[in-house]
Amino acid sequence: MAAERVAGKSQKQNQSQVKQSRRSAPKARTGCLTCKRRKVKCDEGKPECSRCLTIGVSCKGYKPVSKAERLPPSQKPLLPRMSTPNQPHPTPLESSSFQSDAKPKGLGKTKTATAFGSPGTFDTSLTPRSGLQLQQTKFSFLDPKTFGQERECRRKAQEQEESDPQSHGTHSSSVSKPPPSSQRPLAHQKPSLEPGKTGHIHDCRAITICRPPSTSIFDSEDEHRYFRFFTDKTVAHIGGCYNPLLWNQSVLQACEGERSILYAAIAIGALDLSFKTGRSSSIARALGSISKQDEAIAHYRFSLREMNKAIKQMRQTVQKRQDLRTTLLASILIIAFEIYHGNHESALDQIRSSVQLLEDWTAPHHCSLDSAGAGISPSPHTVEDDLVHAFYRLEIEGMVYIDQLPVSCHLSRKDDRAAAVQTMPSEFARISEAQVFGKILMRRTIHFLLVAWAYDRGASQPDKNLYALDKIRCNASPQSLAELDRYRKEMARWYAAFTPLLDRATSARQTKDRYSAICLQVHYLCTCVAMDCVFRENEMFFDTLKSTFTSILSLTKILLDHQDDSFFVFDSQVILPLEIVGKKCRDPVVRREAIRLMYGVKRKEGFMDSLVLAKLCSWVIGVEEEGMVGNYVPEEARVRNVRTEPGEEKGSLRVWCELPRIGGKPGEVVVRDTIIK
């Protein structure tokens, strides 16, 4: 027996030696965390592996992969990302955004654009009645003081995050949190959908120029799904006729390197899906179904949570050295979310702060800018022209909606880029070139019109809540007449250079350049209306502009033939021109057609909501036609000084205006008001 035990022990030792001498295989590092902990082979199924599902245990997901593993050579972006020098900036940028002590504006009474003075309301039947709130923040990450700080705080914050890798639950294994990095803007491309043609930048609005971020950067499948909606649907229409590459290229590129921008993009995508789902829920409610309504509320709540995450991420980057481009891209997304959400005052603050930051950054380079033609960025490799151009357009939108800029700001910016205007070409080669010069001139002109009253020593500053065309009215002086004549000549030069390009673009059928050119022509006509009426004596003057109003109406009909199913567009396109026609054209047929088109648009363009403005213009028509004589509205029956403000009842809008008192003293008026629901 002892011999048998010795023999058995010797046999086991030999088997052990055989096992130890077996060639070892490379250790797999891509299995799920559960299988690696159990030391079993993982089949690497996604989102949960089959082995874990078979034995009934919870799959903890997968370890975040490195950037090199996420980016195989065959999937590299079309153009390289390169770091840019961090820029210190002297002027603080303050922006009060979301409030935490009160219910979010979107949860109770959601404010949206009406006229140019105050926000109105849109249907809040889909708005959730929950306690979900956006975190309080002042967006101090936009304060240029933080640009000069060291990266030590960011390193400590990153170490703290890495100490809790399971903070996002069982499906957070695919989360990768690379430190935010500055990104060099991609070089400007002029792709064309037709071989042999160049310069058709706007033909590629829906083409994703940059590789979408890998799924490993998302915290959950829901984030990936909403981001896909943002890239596939929202980006295709939010840019409108301007800067498609800003959204298709710059924003998508920044999402992979800056998590605050990624979260903000996901929030906008979820909010866009919420409103689109809510649009169809009215039919579902009529049929007795509430599934669509509940779905829209779920999308809306997710958008608020994602924006909270974006705000939290922005707070964590307060102490780091953040480049100007990342700051401006984050600001663009914040402005878009707040306008879409109805927080117009916060959006206006953000626009003013961002534009001031740009002004401070470009101030030392004005000479080089003026000699650079249409290039409006002093360093396109740091901040591309499209991004600067976007903020200049946003400044125009903000001034037209409600002007809160000081007089000194208007006086300094009304002559911005004067030398570049003098070198404007006699004929534009591309739509993008015409847009840049056109918006530069329109921005200068509007700054002048809003401060023209200051040339009259006896005049007082108009009420900032007045409708724009009611605010742009003052007595003429020799200096203001000379200034206005200069702006007229500049706009005439621009239109002469734009006309050949306009003829070529409009002769083509169903091209993006065609609609961009027509939209630019409509905005030019609106600017001409503002210049023509600044020194008017009374409301009868607008009768002389009937042909211009008719042209605006005809052109907007062409643009509406190209309309998609978008609910929100970042820039103004047709709603503002139609609102001008509906209020100031007293021809009953023309103005009613403009209102009919506004009812049919059913979307928001920047601060303007088509349905709210259509109701407001309808009320103005009713007031004026009470004193109509035949088809003619006399001077004493014409409305002026229109103002708006949110009403006491949820979802209501208070509107009031002034009318001359019949038989009264000169300047004596009668106030008419109403509540629009």
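The accessible surface of the chain amounts to about 29900 Å², and carbon and sulfur atoms contribute 52% of that area. The model analysed here is a predicted one, and its secondary structure consists of 23 helices and eight strands. Of the 677 residues in the chain, 54% are buried. Among contacts with a separation of 6 or more, 74% involve residues that are 24 or more positions apart.

Internal space was examined next. Rolling a probe the size of a water molecule over the atoms shows where empty space is left. Eight cavities of 30 Å³ or more are present in the structure, and the largest cavity has a volume of about 390 Å³. Its lining is formed by 25 residues, among which Ile396, Val400, Ile446, Cys526 and Leu576 lie nearest the centre of the cavity. Two or more lining residues are given by each of the helices α13 (385–401), α16 (431–451), α17 (468–471), α19 (512–533) and α21 (575–584). Classified by residue type, the lining of the largest cavity comprises 18 nonpolar, three polar and four charged residues.

Helix α21 is largely enclosed by the rest of the structure, because ten of its ten residues are buried. The buried residues of α21 include Leu576 and Ile580 as well as the charged side chains of Glu579, Lys583 and Lys584. In the loop between β3 (568–569) and α21 lies Gln573, which counts as buried because its relative accessibility is 11%. When neighbours within four places in sequence are left aside, Gln573 is in contact with Gly240, Cys241, Cys519, His523, Arg603 and Glu605.

A further buried position is found in helix α20 (residues 546–561), which contains Thr548. With a relative accessibility of 18%, Thr548 falls under the 20% limit and therefore counts as buried. Residues up to four places away in sequence not being counted, Thr548 touches Leu525 and Val529. The C-alpha atoms of Thr548 and Leu525 are separated by 7.0 Å, the two residues being 23 residues apart along the chain.

The cysteines were considered with regard to cross-linking. A disulfide is a covalent bond between the sulfur atoms of two cysteines. A search of the whole structure returns zero disulfides. Cys35 is accordingly in no disulfide, and the nearest cysteine sulfur, that of Cys32, is 3.4 Å away, whereas a disulfide would require the sulfur atoms to be within 2.5 Å. Cys35 counts as buried because its relative accessibility is 1%, and Cys657 likewise counts as buried, at 0% relative accessibility.

Backbone geometry was also inspected at two loop positions. Most residues other than glycine have a negative phi, and most peptide bonds are trans. Lys39, a residue other than glycine, has a positive phi near 60 degrees, and its place is in the loop between α2 (33–38) and α3 (50–55). Arg417, which is not a glycine either, has a positive phi of about 60 degrees and lies in the loop between α14 (407–413) and α15 (418–422). As to accessibility, Lys39 is exposed, because its relative accessible area is 76%, whereas Arg417 counts as buried, at 5% relative accessibility.

How values were computed. Residues are numbered from 1 along each chain as its sequence is written. This is a predicted model: local features need pLDDT of at least 70, side-chain atom pairs count only at pLDDT 80 or more; totals for chains, interfaces and linings use all residues. Side-chain values use heavy atoms; hydrogens and water are left out. Helices (H or I, at least four residues) and strands (E, at least two) are DSSP runs, numbered from the N terminus. Buried means under 20% relative accessible area, exposed over 50%, partly exposed in between (1.4 Å probe, protein chains only). Contact means heavy atoms within 4.5 Å. Accessible areas come from the Shrake-Rupley method with a 1.4 Å probe; for residues, only the protein chains shown count as cover. On a 1 Å grid over the protein atoms alone, a cavity is a set of points where a 1.4 Å probe fits but cannot get out, and a pocket is an open set with protein on both sides within 12 Å along at least five of seven lines; lining residues have an atom within 4 Å of a point. Grid points are joined across faces, edges and corners, and a volume is the space filled by probe spheres set on the points.
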